[in-house]
Amino acid sequence: MHTAFAERLLAVLSGDRPVHSMLGLTVGDAYEQLVRLAPRTAARGPGPRPVLRRCAAQPHSGDTVLEVFASLAAGHRVRALAFRLELGPDHRWRCAAVELDGLGRLVGGAAHP
């Protein structure tokens, strides 16, 4: 399940899917984080399409929160992706936060830890 979310986020960050494809799959600031991050990410553009190399999750708060980290590769470049999944009252997982390369959330065009 967390790997499927990582693949979906990668598709958005690489430009293969529009950001609005994450509507209903995000909560809180996560959607706005993607709106700001997707156009600025180097995962977009010419060159090889990024692929998911590794993805792992760490459970928190019982079984209702997963902190996920992944590595993405595009040619010789490797990038880090981290995101938080939360289980809603409807028993559906949604993305609550997204970071790329450990720079923190993008707020107003600038990265903040």
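**Exercise 1. The hairpin of β3 and β4**

Which residue takes a positive phi in the hairpin of β3 and β4, and how many residues lie between the strands?

*Solution.* Step 1: the hairpin has five residues between its two strands. Step 2: H91 takes the positive phi, near 65°. Step 3: strand β3 covers residues 77-87 and pairs with β4 in the antiparallel sense over seven bridges. Strands pair if DSSP finds at least two bridges between them. Helices (H or I, at least four residues) and strands (E, at least two) are DSSP runs, numbered from the N terminus. Step 4: two positions show the register, with L85 opposite C95 in β4 and A82 opposite E99 in β4.

The model is predicted, so local features need pLDDT of at least 70 and side-chain atom pairs pLDDT 80 or more, while totals for chains, interfaces and linings use all residues. Numbering starts from 1 along each chain as its sequence is written, and side-chain values use heavy atoms, leaving out hydrogens and water.

**Exercise 2. The hairpin of β1 and β2**

Describe the turn and the pairing of β1 and β2.

*Solution.* Step 1: four residues lie between β1 and β2 in this hairpin. Step 2: in the turn, S61 has a positive phi of about 50°. Step 3: the two strands run antiparallel and are joined by nine bridges. Step 4: one of the bridge partners can be named, since V51 is matched with A73 in β2.

**Exercise 3. The sheet and the helix on it**

In what order do the four strands of the open sheet stand? Which helix packs on the sheet?

*Solution.* Step 1: the order is β1-β2-β3-β4, and the pairing is antiparallel. Step 2: β1 (51-60) and β4 (93-100) are the edge strands; each has a single partner strand, so one side of each is left without a neighbour in the sheet. Step 3: from one strand to the next, the twist averages 20°. Step 4: helix α1, residues 2-13, packs on the sheet and touches β1, β2 (65-74), β3 and β4. The direction of α1 makes about 130° with that of β1. Angles run from 0 to 180 degrees between the N-to-C directions of lines fitted to C-alpha atoms, for helices over the stretch in contact; contact means heavy atoms within 4.5 Å.

**Exercise 4. The salt bridges**

How many salt bridges does a search of the whole structure find? For D101 and R79, state what the pair ties together.

*Solution.* Step 1: the search finds five salt bridges, each being a side-chain nitrogen of Lys or Arg within 4 Å of a carboxyl oxygen of Asp or Glu. Step 2: one of them joins the side chains of D101 and R79, at 2.4 Å from N to O. D101 lies in the loop between β4 and β5 (105-107) and R79 in strand β3, so the pair ties together parts that are 22 residues apart in sequence. Step 3: D101 is partly exposed at 26% relative accessible area, whereas R79 counts as buried at 12%. Buried means under 20%, exposed over 50%, and partly exposed in between (1.4 Å probe, protein chains only). Step 4: D90 and R94 form another salt bridge, 2.7 Å from N to O. Here D90 is partly exposed at 39% and R94 is buried at 14%. Step 5: R84 and E86 meet at 2.9 Å, N to O. R84 has a relative accessible area of 26% and E86 one of 29%, and both residues belong with E67 to a network of salt bridges.

**Exercise 5. Burial and the whole chain**

Which residues of helix α2 are buried? How many residues of β4 are buried?

*Solution.* Step 1: helix α2 spans residues 30-37, and its buried residues are A30, Y31, Q33, L34 and L37. These residues cover an arc of only 160° around the axis, which puts them on the same side of α2; the arc is that of the directions from the helix axis to the C-beta atoms. Step 2: β4 is mostly covered, with six of its eight residues buried. Step 3: for the protein as a whole, 40% of the 113 residues count as buried. Step 4: the secondary structure comes to two helices and six strands, in the pattern α-α-β-β-β-β-β-β along the sequence.
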